[in-house]
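Visitor: I should like a close look at a single part of this model, namely its salt bridges and the residues that take part in them. Please take the structure below as the starting point.

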Amino acid sequence: MRFSTCYIPTLRESPSDAEVVSHKLLLRAGMVRRLTSGLYTYLPLGLKVLEKISAIIRREMAHVGYQELLMPMVQPADLWKESGRWEHYGKELLRFKDRNERDYCLGPTHEEVITDLVRGEVRSYRQLPVRLYQIQTKFRDEIRPRFGLMRGREFLMKDGYSFDASVECAEESYRAVHSAYTRIFGQLGLKFRAVEADAGSIGGSFSHEFMVLADTGEDTLAFCRQCEYAANVERAEVACPSSPAPAPGPVVEKVSTPGIHSVEELTAFLGVPATGIVKTMLFSVDRSFVAVLVRGDREVNDIKLKNLLNAQEVSLADAAAVQRLTGAPVGFAGPVGLDIPVYADNELEGGTDYVAGANEGDAHLLHVDLARDVRIAGWADLRFIAPDDRCPRCGGSISLTRGIEVGHVFMLGRKYSDALHAVFLDEKGKEQTMIMGCYGIGVSRVAAAAIEQNHDERGIVFPPPLAPFDCILLNLDPRNREVADAAEDLYARLRAQGVDVLLDDRDERPGIKFNDADLLGIPMQLVLGARGFARRIVECKDRRSGVKGELPLDGMDDAFAAWAQTVRAGWEEQQGQS
């Protein structure tokens, strides 16, 4: 393709509303344009990147026996009501009515639709397994769309589904996709990690997220430095060493703490460490209330609480509810004498001398013994993992890092097949429920995540498999007929070799062409100008390393092929080191 006839509206400066690097560079490189909050138009080069990602996904999904189909984006409410998610999915589900006053939604995912399809077609165990996927637009009405393609309302997603006759076969399907995803993200040239994750609103018995490692990621993941354990912090298990229960401590004593609301203020006022304080947090859980106790230097993990109580909705109680339930303002709640269920983090078990709120304004209690003084409804792992914790698998050191979720695999089990009655007849003619798996990749988010991981001060540095073009050829003297003819000849020869090349034939200053070439992030740059033509050489530059060289114009076919192999080997070496 020729730059002069392509629609590539590059920008010199980043728009003021662009927040993260990928958002800024996608806009500057003319790959996307914002229509309204969370909605983007993919321009030609941006679409080429999505197509490159999709091609790799299609190849690997076919390798593990999945067939592609395409389902409607608009879905009837009846299916969602049948599964029970119409009421529980939340405001991210965009609901609307048609002209006949029938309820519909824009699909944020397609579990209901695919299950309805398969239950209407599959009757016998002989027809299983069924393995299907699609690459299609999704819509989730995010409360605060941000970060460009990282958290938009409309996005491109690959979602796949497996239907099996047994748990063992379903787990085999799960492992096959897990392996395919590992190959997909490896081929895309991304530094990533597969981590244990919470199933969220999709549901299911277990799941893994595929996280691209990037400082701008919205998610935090914990991983062991000694073994392969890795998990999203929402899911990461906390291993608490058991210790013998100490003897009971002194009796509870109330002390005045005027205006002391936070743990930091309390430690300074009483001269006690945060490890000696019990923090009492009140939560609204499916329209009732519970209290959760954690150590003063820890944070409650509301996802773990939600899973413990098998709840649909969990949120922090507001100030009015705290006042009503404890008789005290926020900052003075405590577990002693509470009339609501109290759940305590495992780390607190056996403690006998804690400081806690007194359920009275400007007062705290000393010498609280949880076993003696508090009615504990249950002990559980209820907090976020911290760097000072040990690995729950091997006891090794834990590290925390940021990541961007780009893929998620779920073992759904019978959640949807039970609700929608997706059944088959087994070998004995007995009706059985299908076992399901669900597998997603955020295609548009992968593009953004790749840029978050691969950029420099000049622009994007695309991994070769994602780049919109393999090579950009800059003609620095388009008005010089000899140079122009040589550039056209070189352009044709590269294309004949199967190289996807962009010829910058614009009548622009060299500086503009160099800046745009770097901004677009195309892995290989070739430069031909009057001086180089006179010497019968073409300048070359590896966008990743910045290393420049010269290739002979007259022996270009073989020279370019060897250089291109060197560029790719450099990327592969970098991936291996990461």
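Is D500 buried, partly exposed or exposed?

Guide: D500 counts as partly exposed, because its relative accessibility is 24%; the classes are buried for under 20% relative accessible area, exposed for over 50%, and partly exposed in between, with a 1.4 Å probe and protein chains only. The model is a predicted one, in which local features need pLDDT of at least 70 and side-chain atom pairs count only at pLDDT 80 or more, while totals for chains, interfaces and linings use all residues. Residues are numbered from 1 along each chain as its sequence is written, and side-chain values use heavy atoms, with hydrogens and water left out.

The side chain of D500 meets that of K48 in a salt bridge, with 2.7 Å from N to O. The term denotes a side-chain nitrogen of Lys or Arg within 4 Å of a carboxyl oxygen of Asp or Glu. By this rule the count comes to 45 salt bridges. D500 lies in the loop between α13 (481-496) and β28 (501-504), and K48 in helix α2 (residues 44-63), so that the pair links distant parts of the chain, 452 residues apart; helices (H or I, at least four residues) and strands (E, at least two) are DSSP runs, numbered from the N terminus. Unlike its partly exposed partner D500, K48 is buried, with a relative accessible area of 18%.

A second salt bridge joins R298 to D388, whose closest N and O atoms are 3.2 Å apart. This pair, too, links distant parts of the chain, at 90 residues apart: R298 is in the loop between β15 (288-295) and α8 (302-308), and D388 in the loop between β20 (378-380) and β21 (398-413). R298 counts as buried because its relative accessible area is 5%.

The third pair is D516 and R506, with 3.0 Å between the closest N and O atoms of their salt bridge. D516 belongs to helix α14 (residues 510-520), whereas R506 is in the loop between β28 and α14, 10 residues apart from D516. Both partners, D516 and R506, are buried.

Beyond individual pairs, salt bridges that share partners join R295, D297, R298, D345, E347, R383, D388 and D389 into one network. R298 and D388, already described as a pair, are thus among the members of this network.
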